[in-house]
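Please open the structure in a viewer and keep the sequence at hand. The tour below proposes a series of selections and describes what is found at each.

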Amino acid sequence: TMALDERTIGILKRLMAGGKEHQVVMLADAAGHLVDTLDTWYAHSGAVAFVQNKHFLSLFNGVGSGKILKIRKCFVINRQTVAVAGVVFQFDFRRTTAQSGGTAITPVAADTANAALPAQVLIATNPTITNGGLLFSQVFTNEEQVALQTTPVPVLTASVNWLPEGRAIQELTLREGQGFTVQMITATTVGSYAVLVVFTVE
């Protein structure tokens, strides 16, 4: 975060390029953070087998982290590669109020110089969750992408950021004691999907 006080503005005005003085403009978000400066992390569940009510990827910002997490992207990826009797199934995208256990997911930093995440930031597959408000639901298909030659369908599905985004709306924000989960609702055990969440830390 940079406060553009009179001293800072004076420094900016003295920046030179090619022997000429130029006015400098730096883009910042609503919180005052310069664009492209927030620590960014990738959390990927890997292939997860279908079970009704399973949480494919859950991210929780525990009390005491001292951080605010913002979820920038959420992708769902079909990992089914052998022939199955396909069904349409539903994912719920929800807020959560508590999280424990599960299979831990180790996130990867977009920049290896990022500060380590606090221990209170939890990321897991199939943890014990207390669900909060439902953000939205979406249906998908578990049809295999090779045997049926439907490769364009899962590729296009995996390319969509399923979280609403745009300059006119707020990013999904997780303050301390808040979380996010992608939960399967449909009663089927046929299929395999992965979830990728990209988030920033403030």
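Begin with the whole chain in a cartoon display: two helices and 14 strands are present. The model is a predicted one. Of the 202 residues in the chain, 39% are buried. A surface display shows an accessible area of about 11100 Å², with 56% of that area belonging to carbon and sulfur atoms. Contacts across the sequence may be considered here as well: of those between residues at least 6 apart, 86% join residues at least 24 apart.

**The six-stranded sheet**

Next, select strands S8, S10, S5, S13, S7 and S11, which in that order form an open sheet with antiparallel pairing. Which strands stand at the edges? They are S8 (103-104) and S11 (128-141); each has a single partner strand, so one side of each is left without a neighbour in the sheet. Now restrict the selection to S7 (residues 88-100) and S11, an antiparallel pair joined by eleven bridges. Within this pair, glutamine 90 of the chain can be highlighted together with valine 139 in S11, which stands opposite.

**Strand S3 and its partners**

Move to strand S3, residues 39-44, and add strand S14, residues 192-201. These two strands run antiparallel and are joined by six bridges. Select histidine 44 to find its bridge partner in S14, leucine 196. S3 also pairs with strand S9 (residues 108-109), again in the antiparallel sense, over two bridges. There, tyrosine 42 is placed opposite valine 108 of S9.

**Leucine 69 in strand S6**

Leucine 69 is the next selection, and it lies in strand S6. Is this residue buried or exposed? Leucine 69 is buried, its relative accessible area being 0%. Display the residues around leucine 69: setting aside those up to four places away in sequence, it touches Leu59, Asn61, Val121, Leu172, Thr173, Leu174, Phe199, Thr200 and Val201. A distance drawn between the C-alpha atoms of leucine 69 and phenylalanine 199 reads 6.6 Å, although the two residues are 130 residues apart along the chain.

**Salt bridges**

Finally, show the charged side chains. Side chains of opposite charge can pair when their charged atoms come close. How many salt bridges does the structure hold? There are five.

Select glutamate 202 and arginine 72, whose side chains meet in a salt bridge with an N to O distance of 3.8 Å. This pair links distant parts of the chain, since arginine 72 is in strand S6 (residues 69-78) and glutamate 202 in the segment after S14, 130 residues apart.

Then select lysine 73 and glutamate 165, a salt bridge in which the closest N and O atoms are 2.8 Å apart. Lysine 73 is in strand S6 and glutamate 165 in the loop between helix H2 (152-158) and strand S12 (172-174), so this pair ties together parts 92 residues apart in sequence. Both ends can be coloured by accessibility: lysine 73 is partly exposed at 28%, and glutamate 165 is likewise partly exposed at 44%.

The last pair to select is aspartate 92 with arginine 94, whose side chains form a salt bridge of 3.6 Å, N to O. Aspartate 92 is buried, with a relative accessible area of 6%; arginine 94 is buried too, at 17%. To close the tour, select Lys70, Arg72, Glu171 and Glu202, which salt bridges with shared partners join into one network.

Definitions and conventions
Residues are numbered from 1 along each chain as its sequence is written. This is a predicted model: local features need pLDDT of at least 70, side-chain atom pairs count only at pLDDT 80 or more; totals for chains, interfaces and linings use all residues. Side-chain values use heavy atoms; hydrogens and water are left out. Two strands pair if DSSP finds at least two bridges between them. Helices (H or I, at least four residues) and strands (E, at least two) are DSSP runs, numbered from the N terminus. A salt bridge is a side-chain nitrogen of Lys or Arg within 4 Å of a carboxyl oxygen of Asp or Glu. Buried means under 20% relative accessible area, exposed over 50%, partly exposed in between (1.4 Å probe, protein chains only). Contact means heavy atoms within 4.5 Å. Accessible areas come from the Shrake-Rupley method with a 1.4 Å probe; for residues, only the protein chains shown count as cover.
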